[in-house]
Amino acid sequence: MACCLALKRKAKVVTEDIFEDIEAEDDFEPPKNRYVRRQSVSAEPLAPSDEEDDEEEKIVYPKTDQQRVRLNEAVQNILLFKNLEREQLTRVLDAMFERKVTPDDHVIDQGDDGDNFYVVDSGTYDIFVKIDGVDKNVGSYNNKGSFGELALMYNTPRAATIVATSDGILWALDRVTFRKIVLRAASKKRKAYEALIEKVPMLSEINMSEKMNLADALASKTYDDGECIIKQDDEAEFMYFVEKGVVSIRIQQPGESTDVEVAKCAEGQYFGELALVTHKPRAASAYAVGEVRCAVLEIHAFERLLGPCMEIMKRNISNYEETLNNLGVEHTDLR
């Protein structure tokens with residue numbers, strides 16, 4: 001059975017994060033030459049808290065269907081893109097351009113200013129860091145991965161040199177688009193999660209540092225109308241906080257072919273924690289009603305970060321059982 005506690009406390013947005021000092025930039029100009037390394041970079045801070053300017057010109061590099069398929073596969077597991085909404089991700093993919101490399105090509109050089117963020121489509125690349133004046137090989141990329149974000153995030157020189165060791169293809173995103181979309185989305189998402197956390201009474205049991213770690217551990221997932229979010233009897237991997245929309249919680253009783261709705265979770269409520277507490281299979285299913293967006297916490301982060309809340313969640317089991325009994329719904333032992 002899933003928990004659907006209403007969130008009643010007023011949100012207090014925490015603003016102490018690495019993006020706080022970023023201001024809006026009025027003029028937006030695409031890079032004039034996407035392959036020429038920048039020789040100098042002035043700070044280009046943006047205000048992640050500002051609304052996106054829908055009227056600004058969007059960068060679009062035309063791509064064939066095959067290129068689009070390759071690009072989507074290449075960015076599938078890029079952590080920085082996990083915070084992007086669908087529309088934002090589309091804008092980022094539109095703005096990325098292909099760069100082909102041959103062996104011994106220097107993609108970036110340690111000490112240079114950052115121009116682009118790179119995602120590996122294909123090829124192998126060595127990572128060199130200058131230590132005591134000597135370039136040392138400290139790692140490699142093999143047909144996957146990404147690099148170059150740190151210089152763009154913090155306006156610092158490149159921390160390493162990346163050299164192609166085979167023919168390959170990279171996808172590049174210019175610094176302005178990276179900061180305007182990716183950083184802004186990450187900052188806004190983190191603040192939204194911090195506000196969400198502040199509104200959950202149960203989470204008052206954890207301290208500020210733990211709340212910030214929890215905000216960083218959350219990730220958004222979007223579900224279409226009727227889509228199954230969790231399935232009864234499945235193993236549990238996540239806990240869910242509803243950011244947008246409504247979720248229907250349903251139980252299939254023994255011997256019945258259809259399930260019964262036992263609760264609904266709306267924006268600001270959470271579900272799916274019971275199986276993580278009891279280490280049992282899911283006691284209910286959850287389905288999206290209309291489009292739904294949830295902040296998701298995976299099981300290892302749940303166990304690591306929500307230890308202080310465990311007793312509260314265990315006490316809630318009695319409330320779940322009482323609710324099911326009042327509805328006349330048969331159920332297995334929840335404990």
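**Close-up views of a predicted model**

**View 1. A salt bridge joins the side chains of Arg68 and Asp94, with N and O 2.8 Å apart.** Arg68 belongs to helix H1 (residues 65–74) and Asp94 to helix H2 (residues 86–95), so the contact ties together parts that are 26 residues apart in sequence. The model shown here and in the following views is predicted. The two partners differ in their cover: Arg68 is partly exposed, with a relative accessible area of 26%, whereas Asp94 is buried, with a relative accessible area of 17%. Side chains of opposite charge can pair when their charged atoms come close.

**View 2. Glu98 and Arg70 form a salt bridge in which the closest N and O atoms are 2.5 Å apart.** This pair links distant parts of the chain, since Glu98 is placed in strand E1 and Arg70 in helix H1, 28 residues apart. Glu98 is buried, its relative accessible area being 16%. A network of salt bridges links Arg70, Glu98 and Asp121.

**View 3. The side chains of Asp115 and Arg158 meet in a salt bridge, at 3.1 Å from N to O.** Both residues lie in loops: Asp115 in the loop between strand E2 (106–108) and E3, and Arg158 in the loop between helix H3 (149–154) and strand E7 (161–164). The pair thus links distant parts of the chain, 43 residues apart. Asp115 counts as buried, because its relative accessibility of 11% is under 20%. Arg158 also counts as buried, at 4% relative accessibility. For the model, the count of salt bridges comes to 9.

**View 4. Four strands make up an open sheet in the order E1-E8-E3-E6, with antiparallel pairing.** Strand E1 (97–101) and E6 are the edge strands, each pairing on one side only. Glu98, shown in View 2, is located in strand E1.

**View 5. Strand E3 (residues 116–122) is mostly covered, with 6 of its 7 residues buried.** E3 pairs with strand E8 (residues 168–174) in the antiparallel sense, over 6 bridges. Within this pairing, Asn116 stands opposite Asp174 in E8. E3 is also joined to strand E6 (residues 146–147) by 2 bridges, and these strands run antiparallel. Here Val119 of E3 has Ser146 in E6 as its bridge partner.

**View 6. A patch of negative charge on the surface gathers Asp233, Asp234, Glu235 and Glu237.** Among them, Glu235 is placed in the loop between strand E10 (228–230) and strand E11 (238–252). Glu235 is exposed, because its relative accessible area of 61% is over 50%.

**View 7. Phe302 is located in helix H7 (residues 299–305).** Phe302 is buried, with a relative accessible area of 0%. In sequence, Phe302 and Val277 are 25 residues apart, while in space their C-alpha atoms are 9.3 Å apart.

Terms used. Residues numbered from 1 in each chain as written. Predicted model: local features only at pLDDT ≥ 70, side-chain atom pairs only at ≥ 80, totals over all residues. Heavy atoms only, no water. Buried < 20%, exposed > 50% of the residue type's maximum accessible area, 1.4 Å probe, protein only. Pairing = 2+ DSSP bridges. Patch = residues over 30% accessible without salt bridge, like charges linked within 9 Å, V, L, I, M, F, W, Y side chains within 5 Å. Areas by Shrake-Rupley, 256 points an atom, 1.4 Å probe, with all protein chains shown as cover. Salt bridge = Lys/Arg side-chain N within 4 Å of Asp/Glu carboxyl O. Lys, Arg positive; Asp, Glu negative; His and termini not counted. Charge placed at Lys NZ, Arg CZ, Asp CG, Glu CD.
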